[in-house]
Amino acid sequence: MVQVKKNHAFNIKRFLHLLTYLIVSFFALWIVQCEKNATENEEILSIEDLLVDNNEITGWSYDGASWLASNISELTTYINGAAEIYQRHGFVEATHQTYRGKIDNVDRQLKLTIYNQGNENQAKDTYDDPDIGLVGAIDWADGAGLEAHYIRYSGLSQALTFYRGRYFVHLEISYDTEESLNILKQFAWNIDGKIE
Amino acid sequence: MSFENFLNSIDRRTFLRLATVTGIGSFIYPKNLISHMILAPKSRIVIVEDSAATDGLTIDSAAVQIMVESGIKTLAEWDDIGEAWKLLLSGVDQTSTIAIKVNCINSSMSTHPPVTYAVANSLTRMLFDGVPFPENNIIIFDRTSGELTSAGYTLNTSETGIRCFGTNSSGVGYSTETYDINGRTQTLSKIVTEYCDFLINLSVLKNHGTAGVTLCLKNHYGTCNSPGNLHGDFANPYIPSLNSQDPIVLKQVVNICDALFGIYSGGPSGSPQFTENKIIFSQDIVAVDYIGRSILEDHGCNTINRAGHIDSAATDYQLGTNDPQMMDQITVLNPTTTIRTPGEEDPAITEQFILKQNYPNPFNNRTQIEFYMAKSGPVLMNIYDDRGRQVRKLFNKTVRRGWHRITWDGTNNVGRQVASGLYVTRLRCNDFQKAMIMQLIK
C-alpha cells in the first residue's frame, strides 16, 4: 500500500515536470515563431508596399509609373533641389506614385510620396521643417500618423503630410474642395494602416 | 589702334558689358547686330497681367496668346509681333534655330504649355520675304522627354511642326566640351551648344528650399548634365556662374517668366498655391528674377533670403541689374479687353476711328496710347504742350485695320524729358481728327 502511494506520488511529480516542460517549450516555440513572423513581415513590407494600389481607393487609378529613389542622387533626379530637405533629415529611400481620378466630373491629379527618414525623430523633423511648405497648415486632430496636418490653397490645390515611425508621407492634389480633402484623408488613412 | 580696330578686337559679350556700362554702344555698334533694347540705359521689364488668363487651374490659351504678343510688342516697342521678334532676335533669318528652355521638373507646376506654345506661335509670325518663320526651326526643350510629357507637352522630333524633346532624347545629349561652374565641371545640353542660334528662357514662378527661388536664372539647371552638385551654399554662385557661360549668355536673348500661378512655399515641388495671372518679359535675366522674387515675397515666401544668387548675378557676374532704379518697368493690364488680334473686327465698334484715354494717366515716365482704325490708312500722331507748341512727333505711318498701341516715354523731339504738366495728343487719319489730354507728373 505504501509502495503504491510512493509510486503514485512519483507519477504526479513526473507528470508535473512533464507539464512544466511542455508549457515552457510551447512558450519558447511561440516566442520564436513570433520573432520569425516579425522578421518575415519586415522583409515583405518594402516602402513600395505602402503605396496605395491602383483603384484601391475607388475611382483613383495610377497615372504613370511609380518611382523609387534609394539614395540622395536618385532622389535629386526626381525632385531636383527639394531633395536637400530630406537629405538633412536622414533620407534613406523614397517612393512616389501619381494617381488620377474625377472630382466634380473633371480629372484631378493626386501625388503621393513616401519617405523613409531612418527613424521616428528624423521623420518628425522632416514633418516640422518649414521648407516642406506647410507653414500655417491646419492640424488634423485624430488623423493619420502620429501627427498630421493639411493646407488648402484657395481654389487651386491642397497638401497633406503626416509621419509615423520612420516614414514621412506627403500628399497633394490639384484641386481644393471638401471632397478633394476627403480623398487626401482616405489616402492618408490607407497608408497609415499599412505602416502600422 | 583705331576705334574701329578696337571694336573688331573685342567679342560681342565684352562689348555688351562695356556698352551697358558706358551707354556708348548705341552710337557706334552696327544696329543690325545689337538690339537697341540691350543698350538702353535701363533694363526694360514688361509685366502683362490679365484676369482672363485663368479660371481656377484652367488656362485660356487665346488670352495667353494675346498676353504673350502684347508683352513682346511692348518689350520691343513695336506694334507688329513678327517685327518685334526680329528686333529682339537681332540677326535672325529663316534658317535660324530658336530654342525655348522650359522648366518641367515638377509636372504639377511646370512652364505651362499654353504659354510656351503662345511664344512659339508668335515666333512664326516673323516674315522673311513674305514667308513665315518655319515652325520646325523652333525647339521646346528641357532635361528629359519624360518630364516634358508629364508636364503636358507633346514630343515631336519630326521634320514638321514645332519640335519638342529632352536633352536625353536619342542622338541629342550633352556637349563634349566641359564648363567650369565655380569649380564644378559640367557639360551643357547640345540643344544650347550646337542646335540653336537663339535661346529663350521660359521659366515658372516657384520658390526653392535651397536657392530661395527658381525662376529664369535657375532654369538652366535643366540645361547642364549634373545639377545635383550645384546646390551647395544656397546654389550661389553656381547659378550665376552657370548663366555666365558663353553658350548661354551669347544666345539667350529673351527671358520670360510664366507667372500665371505661383508656389511660394515648399517649392520646387508642389501644386499651384496662388493665382497671379502675369507673364514677365525682359532681355535682362536678373531683372526678371528680381521681379519674380518680389512677387513671391509679397505672398509671404519664407525662402526669399536664400535667393542671393540674383544679387550675385548682378554684382559679381554683371548679368543684369537688381537695382529697381535701373529698371524701366511697364505693366500692361488686361490686354485681352483692349487688344484684338490683327484683322479681327470688334463687333461692338461701329466708329471708323477711336482714340482711347492714355494709360496710365496721370503718368510718371511712360504712358500708352491706344487707337482703333476701321480700315487701313495713314496715321499721324503728335503731342503738344498746354500752349499748343508741338513737343513730339510720335507716330507717322500707315497702319492696318484694328487696334494699335503707341508708347510715349515723356521725351520731346530731341530726346529730352519734358516737364510736368498737361499735354495733348492729336491723332489724324484721313479726314478724321481726335485729341486727348494727358497729365505728366514727375
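**View 1. Helices H5(B) and H6(B) are oblique to each other.** Angles under 35 degrees count as roughly parallel, over 145 as roughly antiparallel, 65 to 115 as roughly perpendicular, and the rest as oblique. This is a predicted model: local features need pLDDT of at least 70, side-chain atom pairs count only at pLDDT 80 or more, and totals for chains, interfaces and linings use all residues. Residues are numbered from 1 along each chain as its sequence is written, chains are lettered from A in the order in which they are written, and side-chain values use heavy atoms, without hydrogens and water. H5(B) packs on helix H6 (residues 81-88) of chain B at about 55°, with the axes 9 Å apart. Axes are lines fitted to C-alpha atoms, for helices over the stretch in contact, and angles run from 0 to 180 degrees between N-to-C directions. Helices (H or I, at least four residues) and strands (E, at least two) are DSSP runs, numbered from the N terminus. The crossing is left-handed (near helix turned anticlockwise from the far one by less than a right angle; right-handed if clockwise).

**View 2. Side chains of H5(B) meet those of H6(B)****.** From H5(B) come B:Glu69, B:Ile72, B:Lys73, B:Leu75 and B:Ala76. They meet B:Ile81, B:Ala84, B:Trp85, B:Leu87 and B:Leu88 of H6(B). The contact residues divide into eight nonpolar, no polar and two charged (nonpolar: Ala, Val, Leu, Ile, Met, Phe, Trp, Tyr, Cys and Pro; charged: Asp, Glu, Lys and Arg; polar: the others, Gly among them).

**View 3. H5(B) also crosses helix H7(B).** The axes of H5 (residues 61-76) and H7 (residues 113-123) of chain B come within 9 Å and cross at roughly 55°. This crossing is right-handed. Contact (heavy atoms within 4.5 Å) involves residues of H5(B) including B:Val64 and B:Val68. On H7(B), B:Tyr117 and B:Ala118 are among them. Seven of the contact residues are nonpolar, four polar and one charged.

**View 4. Chain A meets chain B.** Here 22 residues of chain A contact 30 residues of chain B. The two chains bury about 1,900 Å² between them, 46% of it on carbon and sulfur atoms. Buried area is the accessible area (1.4 Å probe) that two parts lose on being put together, summed over both. In chain A, A:Asn80, A:Asp131 and A:Leu156 lose the most area to chain B, together 30% of what that side buries.

**View 5. Confidence varies along chain A.** Chain A averages a pLDDT (the predictor's confidence in each residue, from 0 to 100) of 88. Among its elements, helix H1 (residues 2-44) has the lowest mean, 67, and strand S8 (residues 167-173) the highest, 98. Over residues 39-43 of chain A, pLDDT stays under 50. Where pLDDT is low, the predicted coordinates should not be read in detail.
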